[in-house]
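Good morning, colleagues. Please take a moment with the sequence and the structure before I begin.

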Amino acid sequence: MDEVLRALSTARANGDRVALVTIITTRGSTPRKAGTKMVVSADGRVSGTIGGGCAEAEVRLKALQVLDDGRPVLYQVNLLNDVAAADGMVCGGVMEVFIQPA
């Protein structure tokens, strides 16, 4: 969490655009749980983690869209068996994240 707070503080001080990603809910097996946060910079850098792997990469891309649009979104990441197995993930759940310009 310290890494996320430092990234937000630095971005604010420098006037950089960033998106704050927060896991709102999870169902089943997920790498991280509700309340976990990460920051995505406009250049694609990430501070913190919501679990890594394909799910985090998917959310990172959505966060970059949020920065372009300037509007917050709720976004669902599906880590269920068929989808997860195809991507080599070992999870089996769903997580919903809130992505907001910060």
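**Sheet and cores**

Let me start with one pair: Val 39 has Ser 47 of strand 3 as its bridge partner. This is a predicted model, in which local features need pLDDT of at least 70, side-chain atom pairs count only at pLDDT 80 or more, and totals for chains, interfaces and linings use all residues. Residues are numbered from 1 along each chain as its sequence is written, and side-chain values use heavy atoms, with hydrogens and water left out.

Strand 2, residues 37–41, and strand 3 run antiparallel and are joined by three bridges. Strands are DSSP runs of E, at least two residues, and helices are runs of H or I, at least four, numbered from the N terminus; two strands pair if DSSP finds at least two bridges between them.

The open sheet has five strands in the order 3-2-1-5-4, with antiparallel pairing. Strand 3 (46–48) and strand 4 (73–78) stand at the edges with a single partner strand each, so one side of each lacks a neighbour in the sheet.

I turn now to the cores. The largest nonpolar core, a set of buried (under 20% relative accessible area, 1.4 Å probe, protein chains only) Ala, Val, Leu, Ile, Met, Phe, Trp, Tyr and Cys residues joined through side-chain atoms within 4.5 Å, has 18 residues. Among those with the most contacts inside this core are Val 21, Ile 50 and Val 97. Helix 2 (53–69) is one of the elements that give two or more residues to the core, and its six residues are the largest share. A second, separate core of six residues includes Val 4 and Leu 20.

Conventions. Buried means under 20% relative accessible area, exposed over 50%, partly exposed in between (1.4 Å probe, protein chains only).
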